[in-house]
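Student: I should like to go through the terms used for side chains in this model. Could each one be justified from its definition?

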Amino acid sequence: MNGSNIPVNNNGTGQSGPTGTAAIALHGLDPGATLVLIDRRRVAAFPGAANSGYSFVDLTSIPITAVQSIDILKDGASTTYGADAVAGVVNFNLYKDYRGAQVTIQYGDSATGNATGNGSDDAEYRGDILFGVGNDTTSITGDIFYYKHHDMFNHDRQNSLNPPFLSSNSEPWNLAGLTRGALLHPFDVNGVPEPAPALPPTTRDVFFATPPDGSNGLTPASNYVFNVLAKVRGLPTNPRSILPGFNFNLYSSSFPRQERWGGYAAFEHKICDDQLRLFGDFYYVDAKTHDELAPDATGNFQTPGSGTRFIPPNHPFPIIGGVEVPPFGGPTPNQVGAAPGSFNPFNPFEQIISGATSARLLDFGNRIFDNDNVAERFTVGVKGDKLFNGTWGYDGAFMYSQVTQYSQSIVSDANRANRIMNGADPLFDPGSSEFIGQTIPYNPFGDARSVVIPSNVPLIEFATQRASGTSTSKLATLDLNIYTTDLFDLPAGGVGLAFGGSFNRESYNIKVDDAVRLQNGIPNIAAGRKSWGIYAETLIPIFSPKWNIPGFHSLELSAGIRYDEWLNNDTNAAVPKFGIRWQPFDESLTLRSTWGEGFLEPSMVQLYGPKRFLLAPIGGTTCAPVAVFGPCGSPGNEVQSINQPEFTVEQLPNQQIHPEHDRTWTAGVVYTPKWIPAKWGTLTLTMDLWDVERTGVAMFFSPNTILNQYNAAGFPTSLAIIAPNQPTLGSPPSILFDPTGAAAGVSTPYTNGGRVRANGVDLGLQYQMETAYGTFSLLSRWSYLNEFVVNYPGQRPRQVAGSSSSEWYIGSFFGDATNPQAWLKWRGDTTIDWTWHNWDMNWTWHFLDGYNEQLHAINLGDADNKRHFVHGTNYIDAQLSYTLIFTPPVEAAPVPGYSKGGKEVVGKEKETPLAPYVMPCWKTILNNTTLTVGVQDIFDQSPPKAYSVDNGNSIGYPGGLYDNIGRFWYLRMIKKF
């Protein structure tokens, strides 16, 4: 792993996690179940969360070029490192006690046939300086690095240019909730009545409409396109639509632009030889990402929990009894928050347009998101070993870690967008101090794809929001570990013991831009918690090799316990762990097994927020609350079909959720046969079985679960929120409705109703053989997911191994349907390496298994249960390196009795001093230099085609599993001094 190949979340919407970040997730569980350490100590989590809400460590905030090795402990439930190591532990070992210097530079670029252009649009640059000095008592190691990766857009690749999903947030706008009376009495920009349009034959009094393609904003109502059953623009995603939806892939990025730089330093000084050593380290990483999405998608204009958008009527409503009254129905000014006398002359209808209306603010340009993640971490401590009888040691340190995200976004401002559409706003009053320089309001009825409305241009800057925010995650720890390899002797050997404790203080701060805070009701957050823990582990030898007992060459038992207490919510846990290691015959065969329990606290996001907006599929029918809109199926409360892949999900924090409890079991075998002759090389085979069970997992309800509960209860107001009402902390899972009764989303708090049970096997093969033609090595690592059973809140348990993790019954816990992931049955890597003299060549085969995805958001027992198999993929990487090594020639000394000049040499009195060899300058520069050329995805394998629920995939491939870069070549030079 290095700074050039961290697999970052690359989708434009960041639905698999914050865009530009990278996380580790073992065994197919969410990233929060994997404990990530640096030099066996914790590090501050990213000040945000994965889709699941659980926290994770962002790998881009670690100085990857300073990582010397990575340890992966896959048996989980670690008593030493923490009870929250549910899926396992990943430890990054940074360079220590390095000698010399090493300079690395690298350049690469894509070269794919899948491109819409020349295919070279994804350049990457990397530079790194690693150095170290020291003597017998003191060492200093450092690293400085820089990394840059250009961005890539969905329209740069043929397979993502036209995705399966086209959005109903369209351009021209999708108008909804238009009444029959308003449509039959249209007006022009001067308020003069126009001819009525021909409406579709129906008994309904509410219609959908849109201006035609190519509209200049002045199209008469008689030329509008109307529909009854669904929004006009939405094909092919919504088959009841009439016109295609919006292709946002023509605008959105696929891979974010990244730039990272930073440095690392470490030292160690022996005060009293090995018995007392002072050590410390520090690193700083600045990781920037730039991401662009398609122009702002409004979603439904009225969704509880979000700011309301609206288009005022053609001219001010008449005042009756001191109140403005819509003459043809529709929303009232009070329902949308419109100021008295609001109007927009370009609206051909004498009605406020809001509710389920959705739009794409194309003339505002792409949404821009710039994140600057700054990570700092330092450790200082003391350690020593060879104490007492030479078997004791200790290690204690203070660690402080902080990750701060400085975010900036350029999007539309909903409040200001409402103002520029209101011709009565002071912005358009020449006598007002707020006068914007023109009297013409914003015209939203054009087609910005092909027509520029000049009067709109000056208004866009006013209604553009440049928001900034700061999120900070801090962690301070103080720990002490004491260990011995020989506490006392048993007949089979010494008993090992390790014990220690730690104190942790975690803080979490979110500072929201004022405009965002006021529009969306997202408050600033300042939270924290403290915890402490103690542990003890022992290793007990039962049988020893020196006894030569058949079947019991060696047998060791291990046992440990950890106690953790969290002071913020008075929770605690004592978790045990047991293990066995058995070598029945000799060192060639090792059998091992562990069993343990775990305990995972909720994340800061799950406890304190902020609330988050995600997307998830939903399928079914419903009605608005009957107490407000009348009986279900009546003219005022018709049955709604809400099959769609991107239903709004408002995730609400919940400080009442409690920790989850976990259990892990592993069993493995390592076999290195001795019967293979040495000339045929060495072979090592490994197999590890694993099983993880999680109970009380903090999850949120899927939209379909909330829908089913609401329907089963008879459409009550207690399980619904009608705009302008807002979801609040403590609200039950609810369906969100706009004022007209149209379903607009769901709100759901986190709850401890989830359960997960997963098991599988990890396989490994390592083989090496030395020949006259070089050394050949084979390393193969494969994993098989046998079972992954998920029990979501309100749902029955489901076996999901080999299927998408974005199905309708899952919601968005593991990723959105618009950009899916999957629980793959098989995945693996196999590398063949050949070294000969100064040459090194290797080939790596990557395999990702296929999986099933359901194509319709329906219950699995329904008739239409069509599934699509997303095929597996094979990727081949190749790399060739050559190391330049120049050595001074060996000058043969004269031998008595011989002479180069033909004269006899007697003794050594005739010898002349040898002149020192001086290596040419070019050899000095290139000596100890390794040149590398490599290609990733050498056969240019594109990601597989994926559709997701109701064609909801926004890019056409599983963006949570693959990037879309294609074939990528690189050149690297490493110079050692």
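**Accessibility, rings and sulfur atoms**

Tutor: Cysteine 921 counts as exposed, at 60% relative accessibility. The model is predicted, so local features need pLDDT of at least 70 and side-chain atom pairs count only at pLDDT 80 or more, while totals for chains, interfaces and linings use all residues. Residues are numbered from 1 along each chain as its sequence is written, and side-chain values use heavy atoms, with hydrogens and water left out.

Student: Why is cysteine 921 called exposed?

Tutor: Buried means under 20% relative accessible area, exposed over 50%, and partly exposed in between (1.4 Å probe, protein chains only). The 60% of cysteine 921 is over 50%, and therefore the residue is exposed. Cysteine 272, at 42%, counts as partly exposed.

Student: What makes cysteine 623 and cysteine 632 a disulfide?

Tutor: A disulfide is a pair of cysteine sulfur atoms within 2.5 Å. The sulfur atoms of cysteine 623 and cysteine 632 are 2.0 Å apart, so the pair qualifies. By this rule the count comes to one disulfide. The link is right-handed, with 55° about the S-S bond. Cysteine 623 is buried at 0% relative accessible area, whereas cysteine 632 is partly exposed at 33%.

Student: Why is the pair of tyrosine 95 and tyrosine 98 called as it is?

Tutor: The structure holds 32 aromatic pairs. In the pair of tyrosine 95 and tyrosine 98, the ring centres are 5.7 Å apart and the planes stand at 75°. Rings of Phe, Tyr and Trp (its six-membered ring) pair if their centres lie within 6.5 Å; planes under 30 degrees apart count as stacked, over 60 as edge-to-face and the rest as tilted. The angle of 75° is over 60, so the pair is edge-to-face. Tyrosine 95, at 18% relative accessibility, and tyrosine 98, at 16%, are both buried.

Student: What makes the pair of phenylalanine 378 and tyrosine 400 tilted?

Tutor: Their centres are 6.1 Å apart and their planes at 35°, which is neither under 30 nor over 60, so the pair is tilted. Phenylalanine 378 is partly exposed at 32% relative accessibility, and tyrosine 400 is partly exposed at 25%.

Student: How do you know that lysine 383 lies over the face of phenylalanine 279?

Tutor: A charge sits over a ring if NZ of Lys or CZ of Arg is within 6 Å of the ring centre and within 35 degrees of the ring normal. Lysine 383 is 5.2 Å from the ring centre of phenylalanine 279 and lies over its face. Likewise, the charged end of arginine 694 sits over the ring of tyrosine 54, 5.7 Å from its centre.
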